[in-house]
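This report describes a protein chain through its overall dimensions, its charged side chains and a few selected positions. Please consult the sequence and the structure while reading.

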Amino acid sequence: MGMTCIIAEKPSVARELAAIVGADSRENGYMEGNNYIVTWAIGHLVTLAMPQQYGVEGFRKEDLPLLPEPFRLIVRQIRKDGEYINDPAAVKQLGIIKNCFNRSEKIIVATDAGREGELIFRYIYSYLNSDKPYVRLWISSLTDKAIREGLSKLRPGNEFDNLYSAGKARSEADWLVGINASRALSISAGKNGFSLGRVQTPTLSIICRRYIENKEFKSVPYWKLEAMLDKDGILWKAVSETTFERRETAQSAVKAILADNITTDGHGCLSVLKVERKSVRTEPPLLYDLTTLQKEANRKYSFSADTTLSLAQSLYEKKLITYPRTGSRYIGDDVFDEISGLIEFSKDGFGFENVVPEILRHELNRRSVDASKVTDHHALLITGNKPEQLSANEDKIYRMIMARMLEAFSETSQKDVLTVTLRGADVDFVLKAEKVTYPGWKAVLNEKEEDEDKEVEFLPDFKEGENIRISSLKETEHKTKPKPLFTEATLLSAMENAGREIEDGEVRKAMDGCGIGTPATRANIIETLLLRKYIRREKKTLVPTDKGMTVYDIVKDKRIANAEMTGMWEPALAKIENRENDAARFNQEIKDYTGQICTELLESSIVSKDNTELLICPVCKNNSVKIYPKVAKCTSEGCEFRIFREVCGKMLTDKEVRSLITQGHTSTLKGLVSKAGKKFNAVLILKEDGSTSFEFKNNK
């Protein structure tokens, strides 16, 4: 019997597979035994060639657009001494993989079961010019049971040709748009260093637009009336539906209402116009896909999207959850058959001892069960393996996934809602109260809702035509608010909807699949913008840097920044996967688009100038200090004054650097980290010799 080579995406997964098939001899870059060789990639070992490999040197207008035909593959590159070279680790592992392929009769593809996993293998296979037959291991969990079942049902490799076509089309589209747009803008601006991308630039535009809208918003005050009504000795709050633009008008309304309907004991009243009572049932939430998990982990624990993905990936490799890079919130009937066992497993040791028996006492809710809505992988679930030695953050993500599973299969929650409309002196008021009659799925976490002040132990019995005594009546001041700056959670929602703000409903359904990027790539897009210093984190929000705003100002009206257009490509790629669309047609559309954005950017009226302002040097007194991305320094010959922008783990903003140089100090810098890892706040002071020191408010 000849050898079979299994290739995984990373060493940790390869070890799990090797243990199952009995390849227990550890070698350099692979494991062997029982007629199996198990090796691994290390992510993308092979990538698309850069322009230099096509003989294009430097940035020239006449070279654009660059449209390689065909694209070439090269070993992954790393930057060394200002130049790109083959990554030695990638070269070494590719040599090992080639040897493993050559020694085998067939290959089992065990890279991650998704678009990128398929692309990783196919690029390696193509680069090595291999002709060995291959089959596919397609699993959604790394438990021993899932792996054994997958190995017993290996699928033909050509069954995934369309998945590869979609991955290849995505890869080439990102190359075409990113390389050409970046070069076109650099040529037009007269300097290098601009980086644009098919997905990152629309995302940057979403952040910048919201930032500008937020900062330019002019808040306007307005007033409402708030009445405390005495019903049988208990006070209930009613708020006016009318708003008043001036305090004086609101105060006049208060006087008019109190004088309008006087009781025999001299108190003002509001008359009940309408009483509406209804029972409301709320379905449980759907199971998590990756994006929803990232959004809620950001809201709950302030985890970045990238952190949540890393934690989920770790839990997956520890066999504790199913495949995390999923875009589906549903499961099929085959998986549903296992749910009651997973719920039973959740009974002990996780804090859900009281709710699990109640869930299992009823028929399980099937809202999350729909095989037609399961894409490459079903929604996130726990596996039923007992977790051991989890980090605190891994435990948080694990418990979130477990709790969501319990919620999803619980009964609907029910509450009675009372809405009372009242009137006084032609001003209408509304009183709302809610009473939970059956908690259902909400009992799992027992978290209070945002409108918890409306929840009451009993609902009052108001009757139409009844006069309710006013205990107190006052005007309350409010202000119009701008749309808030993006957090990672709200940005992920915006990316899901290609930048459109869409409430849940039919329109949102119509936009399904039209998001920017995919659940698996959105975290990386945000991290790329942070890495390129286009955006920064400001507490929980994401805001553009000066560099990011500069790029946005140039591209904001260009096709490259159009989020909706980018969003339309995701369903096109999905159709290639599902054999509903032709990859060649998609590629041609991208090439046409690339030509258009090159023309737009090359024709842009970008002023070719150095926008770096000059400041007076505190040492040599010349007007010669420039602020750069990582340092501010004097450009006068012989003067060595410089200030590095990173101080104790914090990057100084342009404003803070200017203040330090021109005024001799910054404002209080918060969240600095000492060498011992402790956080502190301090003012950064510029001394006469050009060095800096800290000043502490309580100990100058």
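With which residue does Arg155 form a salt bridge, and how far apart are the closest N and O atoms? The partner is Glu159, and the closest N and O atoms of the two side chains are 2.7 Å apart. The model examined here is a predicted one. Arg155 is partly exposed, its relative accessible area being 30%. Glu159 is also partly exposed, at 32%.

**Overall architecture**

The secondary structure of the protein chain consists of 20 helices and 28 strands. Along the principal axes, the C-alpha atoms fill a box of roughly 100 × 80 × 55 Å. The chain has 700 residues, of which 49% count as buried. The accessible surface of the protein chain amounts to about 35,000 Å², and carbon and sulfur atoms account for 47% of this area. Among contacts between residues at least 6 apart in sequence, 70% join residues at least 24 apart.

**Charges and salt bridges**

The protein chain carries 104 positive and 103 negative charges, and the mean positions of these two sets are 4 Å apart. Across the whole structure, a search finds 41 salt bridges. Three of these pairs are set out below.

| Salt bridge | Closest N to O distance |
|---|---|
| Arg122 and Asp161 | 2.9 Å |
| Arg155 and Glu159 | 2.7 Å |
| Asp230 and Arg469 | 2.7 Å |

The side chains of Arg122 and Asp161 meet in a salt bridge. This pair links distant parts of the chain: Arg122 belongs to helix α3 (residues 115–127) and Asp161 to helix α5 (residues 161–189), with their positions 39 residues apart in sequence. Arg122 has a relative accessible area of 7% and is therefore classed as buried, the limit for that class being under 20%. Asp161, by contrast, is partly exposed, with a relative accessible area of 30%.

Asp230 and Arg469 form a further salt bridge. Here too the pair links distant parts of the chain, as Asp230 is in strand β12 (residues 221–231) and Arg469 in strand β17 (residues 467–479), 239 residues apart. Arg469 is partly exposed, with a relative accessible area of 27%. Elsewhere, salt bridges that share partners join Arg115, Glu116, Arg170, Asp174, Arg198, Glu570 and Glu577 into one network.

**A positive surface patch**

Which residues form a positive surface patch? The patch is made up of Arg532, Lys533, Lys547 and Lys630. One of its members, Lys547, is located in helix α17, which spans residues 546–555. Lys547 counts as partly exposed because its relative accessibility is 36%, a value in the class between the buried limit of 20% and the exposed limit of 50%.

**An exposed loop position**

Where does Asn158 lie? Asn158 is found in the loop between β11 (155–156) and α5. With a relative accessible area of 52%, Asn158 is classed as exposed, since that class begins over 50%. The C-alpha atoms of Asn158 and Thr47 are separated by 22 Å, and the two residues are 111 residues apart along the chain.

Notes
Residues are numbered from 1 along each chain as its sequence is written. Side-chain values use heavy atoms; hydrogens and water are left out. Patches are made of residues with over 30% relative accessible area and no salt bridge: like charges are joined within 9 Å, nonpolar side chains (Val, Leu, Ile, Met, Phe, Trp, Tyr) within 5 Å. Accessible areas come from the Shrake-Rupley method with a 1.4 Å probe; for residues, only the protein chains shown count as cover. A salt bridge is a side-chain nitrogen of Lys or Arg within 4 Å of a carboxyl oxygen of Asp or Glu. Lys and Arg count as positive and Asp and Glu as negative; His and the chain ends are not counted. The place of a charge is taken as NZ of Lys, CZ of Arg, CG of Asp or CD of Glu. Helices (H or I, at least four residues) and strands (E, at least two) are DSSP runs, numbered from the N terminus. Buried means under 20% relative accessible area, exposed over 50%, partly exposed in between (1.4 Å probe, protein chains only). Contact means heavy atoms within 4.5 Å.
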